[in-house]
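Hi,

Here is the structure I promised to pass on to you. Have a look at it first, and then read my notes underneath.

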Amino acid sequence: RLGSLKGAEFDRAFLEHEVKFHKDVIAAIKSTLLPAIKNPELKALVVKVAPAFEAHQQMAENLGKQLAAR
């Protein structure tokens with residue numbers, strides 16, 4: 001779908017995709033990945049990195065709001 005879009009339409013669709021992707025990744029980390037990790041060092045790393053996904057999601061949401069306001 002993105003391949004057929006241009007300009008602001010592409011930007012909006014891309015940001016919608018990114019928000020959904022990050023929400024799905026965060027949900028998978030919390031519900032599937034973290035409970036399954038047995039290695040404490042790996043679990044600590046995943047917990048440490050998880051906020052970066054949340055920050056990226058927030059950035060995509062904020063950009064989407066800015067585009068919608070135009």
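Below is what turned up, starting with the charged pairs.

Keep in mind as you read that this is a predicted model.

**Salt bridges**

Some background first: side chains of opposite charge can pair when their charged atoms come close. How many salt bridges are there here? The count comes to two.

One of them joins aspartate 24 and lysine 20, with the closest N and O atoms 2.7 Å apart. Both residues sit in helix H1, which covers residues 7-36. They are four residues apart, and that is about one turn of the helix. Aspartate 24 has 41% relative accessibility, so it counts as partly exposed.

The other salt bridge is between glutamate 54 and lysine 30, where the closest N and O atoms are 3.5 Å apart. This pair links distant parts of the chain: glutamate 54 belongs to helix H2 and lysine 30 to helix H1, with their positions 24 residues apart. Is each partner buried or exposed? Glutamate 54 is partly exposed because its relative accessible area is 35%. Lysine 30 has a relative accessible area of 51%, so it counts as exposed; the cut-off for that is over 50%.

**A charged residue without a salt bridge**

Now find glutamate 18, which is in helix H1. Glutamate 18 is buried, yet it has no salt bridge. Which side chain of opposite charge is nearest to it? That is lysine 20, 11 Å away. Glutamate 18 does have a polar contact, though: its side chain is joined to that of histidine 17 at 3.4 Å.

**A nonpolar patch**

On the surface, Leu42, Leu45 and Val49 make a nonpolar patch of about 240 Å². To find it, go to leucine 42 in helix H2, which runs over residues 40-68. Leucine 42 counts as partly exposed because its relative accessibility is 41%.

**Alanine 68**

Last stop: alanine 68, also placed in helix H2. Its relative accessibility is 61%, so alanine 68 counts as exposed. If you want a distance to try out in your viewer, take the C-alpha atoms of alanine 68 and isoleucine 29: they are separated by 30 Å. Along the chain, these two residues are 39 residues apart.

That's the tour. Shout if anything is unclear!

Cheers

Notes
Residues numbered from 1 in each chain as written. Predicted model: local features only at pLDDT ≥ 70, side-chain atom pairs only at ≥ 80, totals over all residues. Heavy atoms only, no water. Patch = residues over 30% accessible without salt bridge, like charges linked within 9 Å, V, L, I, M, F, W, Y side chains within 5 Å. Areas by Shrake-Rupley, 256 points an atom, 1.4 Å probe, with all protein chains shown as cover. Salt bridge = Lys/Arg side-chain N within 4 Å of Asp/Glu carboxyl O. Helix = DSSP H or I, 4+ residues; strand = E, 2+ residues; numbered from the N terminus. Buried < 20%, exposed > 50% of the residue type's maximum accessible area, 1.4 Å probe, protein only. Lys, Arg positive; Asp, Glu negative; His and termini not counted. Polar contact = N/O pair within 3.5 Å; in protein donor to acceptor, adjacent residues only side chain to side chain.
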